[in-house]
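Subject: A structure for you to look at

Hello,

Here is the structure I promised to pass on. Please open it and keep it beside you while you read the notes underneath.

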Amino acid sequence: MWVLLAIAVVVVGFALRINSMLVVTAAGIVAGLIGGLSPVKILNAFGDGFAGSRSVTVFIVTLPVIGLIERYGLQHQARKLISKLAVVTTGRLLAVYLLIRQGTAALGLTSIGGPAQAVRPLIHPMAAGAAERRYGKLPDKVQEKIKAFAASADTVGLFFGEDIFVAIGSILLITGFVDATYGLHLEAIDIAVWAIPTGICALLIHGTRLLLLDRKLDKLAGELKAEKETAR
């Protein structure tokens with residue numbers, strides 16, 4: 001029961017907005033100490049976990065790639081291209097990306113998009129370019145909102161799309177845990193099928209929020225314009 005204090009460390013740390021890596025590390029150390037592990041064993045546990053996860057070092061490969069494509073102007077070209085398409089708005093662009101991200105994740109292609117691979121170098125610059133075509137130069141407040149919605153389109157699409165794919169790790173974890181703990185026999189295909197209604201609801205709900213983003217940007221642009229006129 002005392003091991004649950006580690007959760008309190010996570011909650012307090014996030015509430016105080018401390019660096020997430022430090023919070024999680026501190027929570028792991030607290031859990032280990034309460035569980036009776038020595039400092040050496042705790043360190044070994046961290047090392048084994050790091051070495052056993054291949055995905056931990058993926059960022060080492062992606063960072064140089066992102067740096068190169070940004071160095072040679074991919075963001076600028078994406079922003080310039082989207083600014084020429086009058087029919088494309090920020091909300092519509094992000095809604096289409098949500099559909100593509102969720103559809104590819106449902107087919108097991110979870111690595112096609114992502115914050116580093118797609119959102120930062122392509123999706124956000126294109127969404128910002130569509131907004132700049134309509135409103136001109138954007139203040140930081142609006143830029144941050146567009147950035148947040150771009151990231152949410154990727155996250156929601158992946159989260160609710162990947163569970164539809166029968167061989168994804170989360171489904172196999174659920175079936176393995178339930179079978180071993182409760183003695184039930186779950187088929188991965190059944191969980192994947194039941195994830196379809198949830199995925200459709202997520203697509204409709206968040207897709208609507210993304211389409212309504214254009215109205216929010218119109219409102220923000222109007223408020224900022226009124227503030228400028230008042231200041232004059």
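Below are a few things I found in it, starting with the helix pairs. Please keep in mind that this is a predicted model.

Helix packing

Two pairs are worth a look. Helix 7, residues 115-135, packs with helix 8, residues 140-162, at an angle of about 135 degrees. Their axes are 9 Å apart. An angle between 115 and 145 degrees counts as oblique, so helix 7 and helix 8 are oblique to each other. Their crossing is right-handed.

Further along the chain, helix 9 (residues 169-182) packs with helix 10 at about 125 degrees, with the axes 9 Å apart. Helix 9 and helix 10 are therefore oblique to each other, and the crossing of this pair is right-handed.

A nonpolar patch

Helix 10 covers residues 188-211, and L204 is found in it. L204 is also one of the residues in a nonpolar surface patch, together with V166, I189, V193, I196 and I200. The accessible area of these residues together is about 500 Å². L204 has a relative accessible area of 55%; exposed means over 50%, so L204 is exposed.

A loop residue

Finally, have a look at R17, in the loop between helix 1 (5-15) and helix 2 (20-34). Most residues other than glycine have a negative phi. The phi of R17, however, is positive, near 60 degrees. With 79% relative accessibility, R17 counts as exposed.

Enjoy exploring it, and write back with any questions.

Best wishes

Definitions and conventions. Residues numbered from 1 in each chain as written. Predicted model: local features only at pLDDT ≥ 70, side-chain atom pairs only at ≥ 80, totals over all residues. Heavy atoms only, no water. Patch = residues over 30% accessible without salt bridge, like charges linked within 9 Å, V, L, I, M, F, W, Y side chains within 5 Å. Areas by Shrake-Rupley, 256 points an atom, 1.4 Å probe, with all protein chains shown as cover. Salt bridge = Lys/Arg side-chain N within 4 Å of Asp/Glu carboxyl O. Helix = DSSP H or I, 4+ residues; strand = E, 2+ residues; numbered from the N terminus. Buried < 20%, exposed > 50% of the residue type's maximum accessible area, 1.4 Å probe, protein only. Axes fitted to C-alpha atoms, helices over the stretch in contact; angles between N-to-C directions. Parallel < 35°, antiparallel > 145°, perpendicular 65-115°, else oblique. Left-handed = near helix turned anticlockwise from the far one by under 90°.
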